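Let's take a stroll through a protein fold, one piece at a time. Keep the picture open while you read.

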Amino acid sequence: MTKTHETTKVLRASTIGFPCDLHLWFAANKYEKLEDPKSLRVFAVGNALEPVAIKWLQEDGWKVFYNPGSQDADLEHVIPVTGGEIRGHLDAIITRPDTGNILIDVKTMNDRAFLNWKRQGTELKSPQYLDQIHVYADAAITAGLSVDKLGIVAVNKNNSDMQIEIMDYSVERMMEIRERAERTFAATEAPDPGPRLASWACGYCAYRHSCHCRAVKKDTSVGDGTAVTTDDDIINALELLRESRDLEKTAKDLSDQAKAVLDEKVKKQGIKSVWGGSLILTLSEIVSSRFDSTAFKKVHPDLAKEFTKESKSVRYDIKEAV
Ligand code: SF4
């Protein structure tokens, strides 16, 4: 456990919404961060794409006040709170004649994360982003900048899709953020991870090597076939399975959304094939017949039993741990 030395306790805006109180405490108390190479590459790609997204916004007609750079940005905001400081730099403030000033943060996402974010929205999918931009907005307003709304600009790294979600600033939310920071600064001992600990958090935590939760938590099996594990391979596989279920749901939602439009504008008009943009849709009627096993069982229960073969398979159910 290595700590760097500088007396003022600091939490960065990009950390303040992390869903683990212990992670915040490590950060505030300057424990050494160990980022894995992949995470560092992901950050680097995000930083490289930020000015690209800003250019796209300008091309879309947004007037942009841009504050380039990461922790070396020109405009660094400091919010003093009891016991320390929250620091950060906003990405940009964008405006169009009819929108007012929207303080934004640019986020790059892979396809899966982008679709989930679009489906669920920032508050549900990534509340830490909302906390982050609240800090920037609070600091910017205090510094005399005009901010009417908050926004997350998401860029899909797979297909360069870009979307903005615009949200309101909440005084109550900012108050909770300040209180969380003050609690973190005041804690003289490492706290528990707390109720916000999300299932993905430990996998993205740069303080894992210092985390007593993980050090004391041994893999356990409680004898009835259930176990608690810290095996990263298993934890990653659980995450993958959960994400695959999210994707299935997203795919179904998207398909239902598309079919509703196509039923109305294509099928109902008697059109069998339509060419639009780079895509061609063909509608084909499919006639299928299905064996009614329920009715057959009723009429011929013995025969049904004679020809029913038992087979075993395993169902993988996955849900958030509470
Ligand atoms: S490893 Fe998990 S529990 Fe420990 S500090 Fe990090 S996020 Fe919190």
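## Two sheets, a ligand and a long helix

Start with one pair of residues: leucine 11 stands opposite isoleucine 86 in strand E4. Before going further, keep in mind that this is a predicted model.

That pair belongs to a place where strand E1 (residues 10-12) meets E4 (residues 84-88): the two run parallel, joined by 3 bridges. Zoom out a little and you'll find an open sheet of 3 strands, in the order E1-E4-E3, with mixed pairing. E1 and E3 (77-81) are its edge strands, each pairing on one side only. From one strand to the next, the twist averages 25°. There's a helix leaning on this sheet too: H6 (residues 127-142) packs there and touches E3 and E4, and its direction makes about 95° with that of E3.

As background, strands of a sheet pair through backbone hydrogen bonds, in either a parallel or an antiparallel way.

Now for the other sheet. In which order do the strands of the 5-strand sheet come? They run E2-E5-E6-E7-E8, the sheet is open, and the pairing is again described as mixed. E2 (63-66) and E8 (162-167) stand at the edges with a single partner strand each, so one side of each has no neighbour in the sheet. Ignoring direction, neighbouring strands here are turned by 30° against each other on average.

Two helices pack on this sheet. H3 (residues 37-59) touches E2, E5, E6, E7 and E8, and its direction makes about 140° with that of E6. H4 (residues 111-120) touches E6, E7 and E8, with its direction at about 145° to that of E7.

Strand E6 (residues 100-109) deserves a closer look. On one side, E6 pairs with E5 (residues 92-96) in the antiparallel sense over 5 bridges, and those two strands form a hairpin with 3 residues between them. E6 is also joined to E7 (residues 149-156) by 8 bridges, and that pair runs parallel. Here are some bridge partners you can look up in the structure:

| Residue | Bridge partner | Partner's strand |
|---|---|---|
| isoleucine 93 | leucine 103 | E6 |
| alanine 92 | isoleucine 104 | E6 |
| valine 106 | valine 153 | E7 |

Is E6 largely enclosed or largely in the open? Of its 10 residues, 8 are buried, so E6 is largely enclosed by the rest of the structure. And a handy rule for reading any regular strand: the side chains alternate between the two faces of the sheet.

Next stop, the ligand. Of the 13 residues around it, Cys20, Leu22, Cys202, Cys205 and Cys211 come nearest. The elements that give two or more residues to this shell are helix H2 (21-28) and helix H8 (212-216). H2 gives the most, with 3 residues. Sorted by class, the shell has 10 nonpolar, 1 polar and 2 charged residues.

Finally, have a look at helix H9 (residues 232-267). H9 has 36 residues and reaches 49 Å from its first C-alpha to its last, close to the 52 Å expected at 1.5 Å a residue. How many of the residues of H9 are buried? The number is 0 out of 36, so H9 lies largely in the open.

Conventions. Residues are numbered from 1 along each chain as its sequence is written. This is a predicted model: local features need pLDDT of at least 70, side-chain atom pairs count only at pLDDT 80 or more; totals for chains, interfaces and linings use all residues. Helices (H or I, at least four residues) and strands (E, at least two) are DSSP runs, numbered from the N terminus. The expected span of a helix is 1.5 Å times one less than its number of residues. A residue is buried if 20 or more other C-beta atoms lie within 10 Å of its own, exposed if 12 or fewer, and partly exposed in between; C-beta atoms are placed from the backbone. A residue is near a molecule or strand if its C-beta atom, placed from the backbone, lies within 6 Å of it. Ala, Val, Leu, Ile, Met, Phe, Trp, Tyr, Cys and Pro count as nonpolar, Asp, Glu, Lys and Arg as charged, and the others, Gly among them, as polar. Two strands pair if DSSP finds at least two bridges between them. Axes are lines fitted to C-alpha atoms, for helices over the stretch in contact, and angles run from 0 to 180 degrees between N-to-C directions. Two residues are in contact if their C-beta atoms, placed from the backbone, lie within 7 Å.
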